[in-house]
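Me: Hey, I've got a new structure open and I'm not sure where to start. Can you walk me through it?

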Amino acid sequence: MNKTDRLLAIVLELQARRAVRAEDLAALFETSVRTIYRDIQALSEAGVPIIGTTGQGYSLVEGYFLPPVRFTIEEAVTLLIGTEFIEQQFDEEYRHRACLARKKIEVTLSDRVREETSRVHQSLRLLAPGKRSDSSAEKENLNDIRRAILDRRKIRFGYTKKTSPAADSAYSKRTVDPYGLVLIEGTWMLVARCDLRQGIRHFRLSRIEELTELEEPFEFPADFDLKAYTPSDDRSLAVTLRFDPSLADKVRQSNFPYIEETHEHPDGLDVVLRVHQPDDLLQWVMGWGAGAIVLEPESFRQRVREEAYKILKRY
């Protein structure tokens with residue numbers, strides 16, 4: 001670390017902490033205490049209001065804040081995504097503060113960095129938090145797809161889709177125009193126009209393999225906005241469940257995405273869900289054990305019976 005970088009880092013360290021000893025700064029920046037003394041003197045001569053207190057160390061005068069620093073594109077995007085997450089997930093007070101912070105960050109950016117940051121930021125969308133995936137393949141796919149989106153180039157990959165827990169996995173080769181990435185409950189999804197299906201489709205990054213960025217460019221639709229994009233809803237099967245009264249609060253708190261309406265009564269909580277196919281619900285329903293009863297349709301009641309019988313045979 002050169003002297004200029006070290007001086008800036010010292011100020012940032014003093015801003016982050018109430019008081020810092022010279023010995024601690026020396027250890028942090030791997031230099032001598034004497035060098036830290038000289039650095040503090042240089043900062044003071046430059047107008048940074050540093051106070052030295054015997055036995056406590058150095059601190060900044062209350063109210064002093066370092067003027068805006070320059071952000072790289074990656075740093076700016078990271079900060080903007082962070083403020084966007086807070087605006088979406090926190091209470092009104094923090095949403096307001098995050099909005100103000102975002103505006104202040106944007107003001108510090110040069111025109112070139114602001115334009116490029118906007119491009120990167122618009123290609124990402126954070127919907128709901130969840131447990132992060134530890135899949136190395138997903139992380140690698142994420143980086144490669146993000147680069148292809150910015151390069152406006154098609155990608156080709158193999159994709160494995162499992163239509164239901166009981167069905168065999170179907171593998172296919174896909175060539176797509178990558179429009180954007182969406183994080184849903186810890187799972188990254190690619191939103192892209194698929195050449196095979198001739199329309200917009202969604203792909204889990206964890207099921208993508210042999211990803212290749214092609215030389216062929218694609219035109220990004222002028223009328224497509226990832227932030228406002230809502231997938232078409234073709235869920236046609238309605239399923240009604242009844243839960244024991246003791247489970248009512250837990251069911252509501254689960255925020256299961258297929259739930260359309262609920263109705264509470266003395267016998268429990270009736271829940272209406274709408275899905276593409278019965279097996280979309282099977283594992284979720286089985287997870288509630290005897291506390292959940294399928295009221296309709298009869299075909300799904302039979303499916304649950306069959307699964308329960310398989311479990312019984314195992315024991």
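Me: Let's start with helix 1. Which of its residues are buried?
Reply: Arg6, Leu7, Ala9, Ile10, Val11, Glu13 and Leu14 are the buried ones in helix 1. Keep in mind that this is a predicted model.

Me: And what do those buried residues of helix 1 pack against?
Reply: They pack against two helices, helix 2 (22-28) and helix 3 (33-45), plus strand 1 (50-53) and strand 2 (57-60).

Me: What caps the N-terminal end of helix 1?
Reply: That's asparagine 2. One of its side-chain oxygens lies 3.3 Å from the backbone nitrogen of threonine 4.

Me: How far apart are the end C-alpha atoms of helix 1?
Reply: They're 20 Å apart. Helix 1 covers residues 3-16, so it has 14 residues, and at 1.5 Å a residue the expected span is 20 Å, which agrees.

Me: Okay, zooming out. How many helices and strands does the chain have?
Reply: The count is 10 helices and 12 strands.

Me: And how much of the chain is buried?
Reply: Buried residues are 36% of the 315 in the chain. As for the outside, the accessible surface is about 19,800 Å², and carbon and sulfur atoms account for 49% of that.

Me: What about contacts between residues at least 24 apart?
Reply: Taking the contacts between residues at least 6 apart in sequence, 59% join residues at least 24 apart.

Me: Switching to sheets. What's the strand order in the open sheet of 4 strands?
Reply: The order is 10-11-9-12, and the pairing is antiparallel. Strand 10 (259-265) and strand 12 (292-296) are the edge strands, each pairing on one side only. From one strand to the next, the twist averages 25°.

Me: How many bridges join strand 10 to strand 11?
Reply: There are 6, with strand 11 covering residues 268-275 and running antiparallel to strand 10. Histidine 263, for instance, stands opposite aspartate 270 in strand 11.

Me: Which helix packs on that sheet?
Reply: Helix 10 (residues 298-314) does, touching strand 9 (237-243) and strand 12. The direction of helix 10 makes about 145° with that of strand 12.

Me: I clicked on glutamate 307 in helix 10. Is glutamate 307 buried or exposed?
Reply: Glutamate 307 counts as buried, because its relative accessibility is 17% and the cut-off for buried is under 20%.

Me: So what is glutamate 307 in contact with?
Reply: Leaving aside neighbours within four places in sequence, glutamate 307 is in contact with Leu282 and Met286.

Terms used
Residues numbered from 1 in each chain as written. Predicted model: local features only at pLDDT ≥ 70, side-chain atom pairs only at ≥ 80, totals over all residues. Heavy atoms only, no water. Buried < 20%, exposed > 50% of the residue type's maximum accessible area, 1.4 Å probe, protein only. Contact = heavy atoms within 4.5 Å. Areas by Shrake-Rupley, 256 points an atom, 1.4 Å probe, with all protein chains shown as cover. Expected span 1.5 Å × (residues − 1). Polar contact = N/O pair within 3.5 Å; in protein donor to acceptor, adjacent residues only side chain to side chain. Pairing = 2+ DSSP bridges. Axes fitted to C-alpha atoms, helices over the stretch in contact; angles between N-to-C directions.
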